[in-house]
Amino acid sequence: MDLADTPRVAAIIVAAGSSSRLAGDVPKVYRRTGGKMVLEQALEPFLQHPNISSVLVVANPQHAHLYKELHEQGMWFCAGGKTRQESVYAGLDALADNPPDWVLVHDAARPLVSREVIDRVLAALATHAAAIPCTPVKDTIKQASPQGTVGATLPRGDLRAAQTPQGFHYAALLAAHMAAKGNEYTDDAAIMEAAGVPVAIVEGCEQNQKLTTLADWQRMQPASSMRVGNGFDVHRLIANAQRPLMICGVEVPSDLALEGHSDADVGLHALTDALLGALGEGDIGEHFPPSDDRWRNADSSLFVREAMRLARERGAAVSNADMTIIAESPKLSPFKAAMRARVAELLGVASSQVNVKATTTEGLGFTGRKEGIAAQASVLLMCKNECD
Ligand code: MG
């Protein structure tokens, strides 16, 4: 093929969708992972591809403030429609003045497409007017009946999950889209199928997944930062308390108990403060004021769970926690394993990620005089979105 025969290829990146299934105010394609917007990552392999001469983003004009910077850098944008189908058509229409031979249509929510997948689609377009990357289906797929039971089990060997970029001969896709108006299709291949055009299947890739849920988003994040926090707490030991002695969520048999507004679990308080500290979220007193009657005799695991909820909300996960309980008596070594297991359970990690130590102060100071028990905790959080 000499240069004159080389097909001109354009890519349409569809970014007009809303992202109702992903929490947060910013639509998913404008969220950042590793310092780059999902959209920028999705664009990169197309902008860098030597055979693709133009790249057009179909976006929602209401998001203009989010893509302003890319637009100012020279990226080409056009306004999308109410549905994906209308948005792709808007893109095809925007290319019509200087029509390419071939067009690739790609979802901006698939930022991890590889150069190889693009190459395979383009290679198939030499012999087909339509080509799509697919992956085998791993789950057995059931067709549900209106009664909520299984209507049929589809033969898995024949099933494929369709990905993008989907590639087409431009004129054929434009004609199929015009003919499809009024009917709704979920992808462009289906529009070609409806027009009777055979669609070639090429191998997709596992990582070219569509970012849909918050879990998908969190999986995608590079572990870009670590945050450390420490906590320290002391409670007074009292006799005749009408409560058990609780340390790290474990009841320790004793004549004495710790005094406090909640259950006075000195270990879980230090741990909560370590988590809040790592998150830059102040301290336990700000979140659970002793003046609030809700926390009277409260199980302190509530505080750890709330701190963990804040951590998860920010895509942070516990790498490890290390704790020291400082007490002259009772002897804590028989309870360390149970404490470790309970703390791991509250943090949602394996026991191997938690360490609980116990020490005395050799009879010195208030702990040495058995007037109180102190606890220290350190935690390391792995943050996937810089915890901001
Ligand atoms: Mg406390």
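This report covers aromatic pairs, one buried acid and the salt bridges of a predicted model.

Residues are numbered from 1 along each chain as its sequence is written, and side-chain values use heavy atoms, without hydrogens or water. Local features need pLDDT of at least 70 and side-chain atom pairs pLDDT 80 or more, while totals for chains, interfaces and linings use all residues.

**Aromatic rings**

The structure holds 5 aromatic pairs. Rings of Phe, Tyr and Trp (its six-membered ring) pair if their centres lie within 6.5 Å; planes under 30 degrees apart are stacked, over 60 edge-to-face, and the rest tilted. Y67 and F77 are stacked, at 4.1 Å centre to centre and 10 degrees between the planes. Y67 sits in helix α2 (residues 64-72) and F77 in strand β5 (residues 76-79), 10 residues apart. Helices (H or I, at least four residues) and strands (E, at least two) are DSSP runs, numbered from the N terminus.

Y67 is buried at 9% relative accessible area, and F77 is buried at 12%. Buried means under 20%, exposed over 50%, and partly exposed in between (1.4 Å probe, protein chains only). Y30, Y67 and F77 form one aromatic cluster.

**A buried acid**

D265 lies in the loop between β16 (256-258) and α8 (266-279). What does this buried residue lack? D265 has no salt bridge; R342, the nearest side chain of opposite charge, is 7.5 Å away. Here Lys and Arg count as positive, Asp and Glu as negative; His and the chain ends are not counted. A polar atom of the D265 side chain lies 2.6 Å from the backbone nitrogen of G249. For the backbone nitrogen of L268, the distance to a polar atom of that side chain is 3.0 Å.

**Salt bridges**

A salt bridge is a side-chain nitrogen of Lys or Arg within 4 Å of a carboxyl oxygen of Asp or Glu. By this rule the count is 17. Three of them, including their closest N and O atoms, are listed here.

| Salt bridge | Closest N and O atoms |
|---|---|
| D292 and R294 | 2.9 Å |
| R296 and D293 | 3.0 Å |
| D322 and K357 | 2.8 Å |

D322 is in strand β17 (residues 316-326) and K357 in strand β18 (residues 354-359), so this pair ties together parts 35 residues apart in sequence. D322 is partly exposed at 28% relative accessible area, and K357 is partly exposed at 30%. Salt bridges that share partners also join R84, D107, R110, D188 and K210 into one network. R294 is exposed, at 60%. D293 is exposed too, at 54%.

How values were computed:
Polar contact = N/O pair within 3.5 Å; in protein donor to acceptor, adjacent residues only side chain to side chain.
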